[in-house]
Structure formats: structure tokens, C-alpha cells
Amino acid sequence: PFQPNIHLLNEYVIQPDTIRKGRLSWAVLHNLETLGLKCRTFVSHCWDEPFYEFLQALRDQYVDYARRAFWVCFVANPQSWGKAALDEMLQEYVPFWTAVAECSNVLIVRNRITHIYTRGWCVLELIAAVFHRRMITVVGSCSLHYVLDRDLGHGATCKEESDTEFVQQIVSDVVAEWGISLNELIKPIMDAESGATLHPGDFEHLFPAMTPRQRQAIQRKVYRSRQAYSQA
């Protein structure tokens with residue numbers, strides 16, 4: 001049977017709902033008293049996945065999922081805003097990088113339709129999760145098109161060309177500054193059993209320990225790159 005993906009959910013449910021009611025993000029709109037909720041779990045996923053499979057992945061992992069507050073991009077960001085308006089608001093920070101830093105753990109939802117690390121924001125979110133030393137839980141099935149090659153991650157794209165340029169540049173800068181291999185970060189995620197948890201220490205053998213100066217340099221690269229592309 002046909003299952004709508006996140007693109008269709010956004011077009012036919014989230015955008016119409018938020019346009020009628022002030023163009024807030026869906027999460028803020030439905031939590032007006034608190035202007036959103038404090039989230040502990042950042043969810044990294046791809047919009048190509050069937051929405052009900054995405055929900056099932058959350059249900060399977062958390063018996064109390066209905067009472068949890070997750071940071072999920074399609075409800076956290078105001079989808080009814082135009083790109084120019086979003087860039088004006090977001091030129092000071094990268095929402096995905098910032099949200100990972102604010103959450104205590106990351107849930108990565110793989111799907112059977114699209115390899116999530118062909119998507120630029122997913123690559124940046126994985127780097128952010130490891131950079132901020134967050135515990136990572138992996139759920140969902142791997143894409144049928146899962147192939148590990150040396151360019152995986154570096155050539156990942158976004159819906160908007162300007163976002164693709166930004167993500168590819170910042171990924172390249174961070175990889176060079178940190179001395180990491182994207183393939184070595186991606187492989188444990190794609191090889192993990194659904195429900196497996198990876199701890200910060202599971203990645204430490206993959207790259208040299210960062211100095212405080214390197215951490216500061218990477219943070220500056222992320223935020224300065226976003227401002228540069230937003231103002232271009």
C-alpha cells in the first residue's frame with residue numbers, strides 16, 4: 001500500500017496547518033504555552049522514508065515515545081517560511097549542529113528507500129554527534145542501495161543548491177581540520193543492528209584526539225560558513 005513520505009507530509013499537512021496559524025514551526029504551534037519543548041533526543045533521518053515507518057522506528061525503540069520530546073527537523077523548523085526568510089533567521093547558527101549540541105543523545109533512523117549519507121544534512125548531523133560526544137542509537141533497516149565507497153558523504157547533496165555547497169564545504173573543512181575519514185564514521189552506523197547503541201568511545205580509535213584549539217577552530221568553521229552562505 002502507498003505510504004506518504006516526509007516530503008508529502010510536509011506539503012499536505014505541516015505547511016497548510018502552519019500557514020493558516022501564523023507560520024510558526026509545527027512544534028511551536030502545538031506547544032504555544034512553552035514555545036516548544038525541551039528535547040533530549042535529536043533524530044537524524046531522511047525525508048524520503050515512509051512516514052509511518054519513521055514513526056514505527058520511534059515506537060519500537062522507546063516504549064514511552066509518546067511522552068518523549070524529540071528534535072525532528074520537519075516539525076522543529078518553520079516549514080512554511082521561504083528560504084530567504086529562513087536564511088535571515090538562521091544566519092547566526094546552524095540549527096542541526098546547535099540542536100545536537102543541546103540534546104543529550106542522537107537517534108539515527110535508517111530507511112530502506114535512500115542511503116541517508118547521500119543526504120548532506122545527515123552527514124553533518126553525524127559529524128556533529130561524534131564531535132559533541134553524544135551517545136548514538138541506530139534504528140531502521142539499511143537502504144537497498146547501501147554501498148560504501150571513498151566518496152560517500154563528501155558528495156552528499158541537499159534539496160537547495162546553496163545548502164549543498166555549504167554542507168560539502170563545511171564537511172570538507174571539518175574532515176581536514178579533524179583528520180577523520182567519513183567512511184570510517186559512516187560504516188559503524190550502517191553496519192549496526194537496529195536498536196544498537198554506539199558510545200563516544202566507540203569512535204575514538206578512528207581519529208586523533210582533538211585539542212581545545214582544534215575544537216574551537218571547527219566550531220568557527222561551522223558558524224562562519226553558515227553566515228557566509230546566508231549572506232551570499
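Among contacts in the protein between residues at least 6 apart in sequence, what percentage join residues at least 24 apart? The share is 82%. The legends below describe close-up views of this predicted model.

**Figure 1. Overview of the predicted protein model, with its helices and strands.** The protein contains 10 helices and 5 strands. Of its 232 residues, 47% are buried. Contacts that join residues at least 24 apart account for 82% of those between residues at least 6 apart in sequence.

**Figure 2. The open sheet and its edge strands.** The sheet is built from 5 strands in the order 2-1-3-4-5, and the pairing is mixed. Strand 2 (70-71) and strand 5 (196-198) are the edge strands, each pairing on one side only. Strands of a sheet pair through backbone hydrogen bonds, in either a parallel or an antiparallel arrangement. Between strand 1 (residues 41-44) and strand 2, the pairing is in the parallel sense and spans 2 bridges. Within this pairing, Phe-42 has Trp-71 of strand 2 as its bridge partner.

**Figure 3. Helix 3 packed on the sheet.** Helix 3 (residues 51-61) touches strand 1, strand 2, strand 3 (105-109) and strand 4 (135-139). The direction of helix 3 makes about 135° with that of strand 3.

**Figure 4. Pairing of strand 3 with strand 4.** These two strands pair in the parallel sense over 5 bridges. One pair of bridge partners consists of Val-106 and Ile-136, the latter in strand 4. Strand 4 is mostly covered, with 4 of its 5 residues buried.

**Figure 5. The salt-bridge network around Asp-17.** Side chains of opposite charge can pair when their charged atoms come close. The structure holds 7 salt bridges. One of them joins Asp-17 to Arg-20, with the closest N and O atoms 3.8 Å apart. Both residues of this pair, Asp-17 and Arg-20, lie in helix 1 (residues 6-20), where they are 3 residues apart, about one turn of the helix. Asp-17 also forms a salt bridge with Lys-21, and here the closest N and O atoms are 2.9 Å apart. Through shared partners, salt bridges join Asp-17, Arg-20 and Lys-21 into one network. Are the members of this network, Asp-17 first, buried or exposed? Asp-17 has a relative accessibility of 9% and therefore counts as buried. Arg-20, at 61% relative accessibility, counts as exposed. Lys-21 has a relative accessible area of 44% and is partly exposed.

**Figure 6. The salt bridge between Glu-102 and Lys-38.** In this pair the closest N and O atoms are 3.8 Å apart. The salt bridge links distant parts of the chain, since the two residues are 64 residues apart. Glu-102 belongs to helix 6 (residues 95-102), whereas Lys-38 lies in the loop between helix 2 (26-29) and strand 1. Both Glu-102 and Lys-38 are exposed.

**Figure 7. Packing of helix 6 with helix 7.** Two packed helices are described by the angle between their axes and the distance between the axes. The axes of helix 6 and helix 7 (residues 120-131) come within 9 Å and cross at roughly 30°. Helix 6 is therefore roughly parallel to helix 7. The crossing of these two helices is right-handed. On the side of helix 6, Phe-96, Trp-97 and Val-100 take part in the contact. Their counterparts in helix 7 are Trp-121, Leu-124, Glu-125, Ile-127, Ala-128, Ala-129 and Phe-131.

**Figure 8. Pro-95 in helix 6.** Pro-95 counts as buried, with a relative accessibility of 9%. Pro-95 and Ala-76 are separated by 19 residues in sequence and by 9.3 Å in space, C-alpha to C-alpha.

**Figure 9. Packing of helix 7 with helix 9.** Helix 7 and helix 9 (residues 182-191) pack at an angle of about 90°, and their axes are 11 Å apart. The two helices, helix 7 and helix 9, are therefore roughly perpendicular to each other. Helix 7 contributes Val-123, Leu-126, Ile-127 and Val-130 to the contact. From helix 9, the contributing residues are Leu-182, Leu-185, Ile-186 and Ile-189.

Terms used
Residues numbered from 1 in each chain as written. Predicted model: local features only at pLDDT ≥ 70, side-chain atom pairs only at ≥ 80, totals over all residues. Heavy atoms only, no water. Pairing = 2+ DSSP bridges. Contact = heavy atoms within 4.5 Å. Axes fitted to C-alpha atoms, helices over the stretch in contact; angles between N-to-C directions. Salt bridge = Lys/Arg side-chain N within 4 Å of Asp/Glu carboxyl O. Buried < 20%, exposed > 50% of the residue type's maximum accessible area, 1.4 Å probe, protein only. Parallel < 35°, antiparallel > 145°, perpendicular 65-115°, else oblique. Left-handed = near helix turned anticlockwise from the far one by under 90°.
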